[in-house]
Amino acid sequence: MSDVEKLLIDKTNQYRKSNKLNLLSSDSKLNQAAGNHAAVMIQTNNFSHQAGNTNPSDRVEQAGYRWYFVAENIAWRIGDNQMTDDQLAEAILQQWIASPGHNQNLLAKLANQCGVSITYDGNSGRTYIVMLYARPRN
């Protein structure tokens, strides 16, 4: 995991804590699913939860994660190369907090694990962000 990915998880957990919710632990399979989806969005030039003709639950299953609950936030940004890792993580979080659907996923009560990928696309100059919120099946 990159420093900015770790910071995004830390900031998400601070936000969840301030809303009296459980903290999320990072899961390697969810990180893999998030990274795979960022790569597909870049390769297909399709910024979508359905890029590659899959949905979040398909992707986490393909990564070997057995899920009870799964939700996904995606974003893309451009021109952030002058930001510090901390500033970028905060900007991403604030972008999602300002969006009701994304904020709902940030504050999902069922989630107890997460996976994140922040991937730069040199061709477009965009940074693609994927964050999964999940709870495994028992």
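A residue counts as exposed when its relative accessible area is over 50%, and as buried when that area is under 20%. These terms are applied below to a predicted model of a single protein chain.

The protein chain contains five helices and four strands. Read from the N terminus, these elements follow the order α-β-α-α-β-α-α-β-β. The radius of gyration is 14 Å, close to the 14 Å given by the globule rule for 138 residues, so the protein chain is as compact as a globular protein of that length. The C-alpha trace spans about 40 × 35 × 25 Å along its principal axes. Among contacts with a separation of 6 or more, 69% join residues that lie 24 or more positions apart.

Buried residues make up 47% of the 138 residues. The accessible surface of the protein chain amounts to about 7,100 Å², and carbon and sulfur atoms account for 46% of this area. The protein chain carries 13 positive and 12 negative charges, and the mean positions of the two sets are 10 Å apart.

The interior was examined next. The largest nonpolar core comprises 24 residues, of which Leu8, Ile92, Trp96, Ile118, Ile129, Met131 and Tyr133 touch the most other members. At least two residues of this core come from each of α1 (3-18), β2 (67-78), α4 (85-97), β3 (113-121) and β4 (126-136). The largest share, five residues, is supplied by α4. The surroundings of one core member, Ile129, illustrate this arrangement: when neighbours within four places in sequence are set aside, Ile129 is in contact with Leu8, Asn73, Ile74, Ala75, Trp76, Arg77, Ile92, Trp96, Ser117 and Ile118. Another core, of 15 residues, lies apart from the largest one and includes Leu30, Ala34, Ala63 and Tyr65.

Backbone geometry draws attention to the loop between α2 (28-44) and α3 (56-62), where Asn45 is found. Most residues other than glycine have a negative phi. Asn45, although not a glycine, has a positive phi of about 55°. With a relative accessible area of 61%, Asn45 is above the 50% cut-off and therefore counts as exposed. Asn53 is also placed in the loop between α2 and α3. Its backbone has a positive phi of about 60°, although Asn53 is not a glycine. At 76% relative accessibility, Asn53 likewise counts as exposed.

Terms used:
Residues are numbered from 1 along each chain as its sequence is written. This is a predicted model: local features need pLDDT of at least 70, side-chain atom pairs count only at pLDDT 80 or more; totals for chains, interfaces and linings use all residues. Side-chain values use heavy atoms; hydrogens and water are left out. The radius of gyration is taken over C-alpha atoms; the globule rule is 2.2 Å times the number of residues to the power 0.38. Buried means under 20% relative accessible area, exposed over 50%, partly exposed in between (1.4 Å probe, protein chains only). Contact means heavy atoms within 4.5 Å. Accessible areas come from the Shrake-Rupley method with a 1.4 Å probe; for residues, only the protein chains shown count as cover. Lys and Arg count as positive and Asp and Glu as negative; His and the chain ends are not counted. The place of a charge is taken as NZ of Lys, CZ of Arg, CG of Asp or CD of Glu. A nonpolar core is a set of buried Ala, Val, Leu, Ile, Met, Phe, Trp, Tyr and Cys residues joined through side-chain atoms within 4.5 Å.
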